[in-house]
Amino acid sequence: MMRRIEAGVLSVAYRETGPAGGPVAILLHGFPYDIHACEAAAEILAEQGWRCVVPFLRGYGGTHFLSDGTPRSGQQAALGADLLALMDALRIPRAVLAGHDWGGRAACVVAALWPERVRGLVSCGTGYNIQDIARAGEPAPPEKELRYWYQYYFHTERGRAGLTRNRRELCRLIWRLWSPEWRFDDATFGRSAAAFDNPDFVEVVIHSYRHRFGGVPGDPALDGVEARLAARPAIGVPAIVLQGDADGVEGPLPAEDRAAPHFTGPYARHVLRGIGHNLPQEAPEAFARAVMAVGKEEAG
């Protein structure tokens with residue numbers, strides 16, 4: 001069921017499924033996806049008695065800013081603050097947070113800074129998804145840099161114009177490059193692409209990629225949160241990191257689990273064969289199992 005609630009600086013559109021009294025999971029999409037990425041996993045969880053909340057992030061779908069004066073920020077602190085505000089508005093004291101890409105970042109931010117609100121965490125792709133902005137200027141190996149072409153594109157006004165004018169074509173290309181073994185059809189993409197028509201989509205996306213490299217300032221109201229994130233806080237809640245070995249953003253996965261040192265509680269990493277960047281939609285059963293596993297770990 002699609003619902004709406006005022007939360008923080010946003011009017012959040014979200015889908016809810018499952019019994020109202022069940023344990024809560026908040027499932028979070030990334031760029032350039034939408035709530036359909038988590039749809040199948042939410043249905044699996046609902047059948048197992050979970051209450052699932054799946055919101056459109058700022059700049060996507062039916063989620064809108066309450067004030068014209070609010071900066072259209074896409075920074076990590078904004079995503080985390082939005083998630084916390086949504087939990088407050090829905091009067092959810094604690095939940096399992098699970099997401100990929102931007103959604104995984106929002107979940108990691110809340111898990112790191114407000115762990116008392118988090119039963120467990122499922123983070124896809126880059127497991128510890130909190131940005132190290134202070135070191136963003138350090139070059140990566142050339143093959144890794146190649147995968148960041150879209151980020152560098154968005155640093156230019158040509159990139160802003162390209163995203164504005166060609167957003168569906170650009171996002172569809174990204175879907176193909178990031179999930180090379182996923183055979184999605186036109187209808188699947190079209191359902192999600194409608195979310196990119198949000199009037200704030202371009203500004204939020206452009207700000208997100210420029211801010212993470214230190215190229216533009218953030219929302220001053222979030223300076224305190226960013227300062228806390230700059231310390232690279234550890235995550236102590238029960239956590240599972242899911243990674244696809246066909247992820248076109250991450251590239252070949254190293255044998256070493258580089259995220260593990262950032263997690264101080266119960267922790268596991270699972271690598272899924274043939275799965276790309278849009279892990280919740282490509283492997284909804286594995287995503288749902290991970291949610292239930294971290295929820296059980298905390299309850300035990």
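This is a short talk on the overall fold and the internal cavities of one protein chain.

Hi everyone, and thanks for coming. Before anything else, please keep in mind that what you see is a predicted model.

Let me start with the chain as a whole. Its secondary structure consists of twelve helices and nine strands. How compact is the chain for its length? The radius of gyration is 18 Å, close to the 19 Å that the globule rule gives for 300 residues, so the chain is as compact as a globular protein of that length. If you turn the C-alpha trace onto its principal axes, it spans about 50 × 45 × 40 Å.

Now a word about packing. Of the 300 residues in the chain, 58% are buried. If we take the contacts with a separation of 6 or more, 78% of them join residues that lie 24 or more positions apart. On the outside, the chain exposes about 12,400 Å², and carbon and sulfur atoms supply 53% of that area.

With that in mind, let's go inside. How many cavities of 30 Å³ or more does a search of the whole structure find? The search gives two.

The largest cavity has a volume of about 100 Å³. It is lined by 13 residues, and the closest to its centre are Pro-55, Phe-56, Leu-57, Asp-82 and Leu-83. So where in the fold should you look? Two elements give two or more residues to this lining, β2 (10–17) and α2 (76–89). Helix α2 gives the most, with four residues. As for chemistry, the lining of the largest cavity divides into ten nonpolar residues, one polar and two charged.

The second largest cavity has a volume of about 40 Å³. Feel free to pick out its lining on your screens: His-100, Asp-101, Cys-124, Gly-125, Leu-242, Gln-243, Gly-244, Asp-247, Gly-276, His-277 and Leu-279. Which strand gives the most to this lining? That is β8, residues 239–244, with three residues. By class, the second lining has three nonpolar, six polar and two charged residues.

If you'd like one picture to take away, set the two linings side by side. Around the largest cavity there are ten nonpolar residues and one polar, whereas around the second largest there are three nonpolar and six polar. Each lining has two charged residues.

That's all from me. Thanks for listening, and I'm happy to go back to any of these residues on the screen.

Conventions:
Residues numbered from 1 in each chain as written. Predicted model: local features only at pLDDT ≥ 70, side-chain atom pairs only at ≥ 80, totals over all residues. Heavy atoms only, no water. 1 Å grid on protein atoms, 1.4 Å probe; cavity = no way out; pocket = protein on both sides within 12 Å on 5 of 7 lines; lining within 4 Å. Points joined across faces, edges and corners; volume = space filled by probe spheres on them. Nonpolar A, V, L, I, M, F, W, Y, C, P; charged D, E, K, R; others polar. Rg over C-alpha atoms; globule rule 2.2 N^0.38 Å. Buried < 20%, exposed > 50% of the residue type's maximum accessible area, 1.4 Å probe, protein only. Contact = heavy atoms within 4.5 Å. Areas by Shrake-Rupley, 256 points an atom, 1.4 Å probe, with all protein chains shown as cover.
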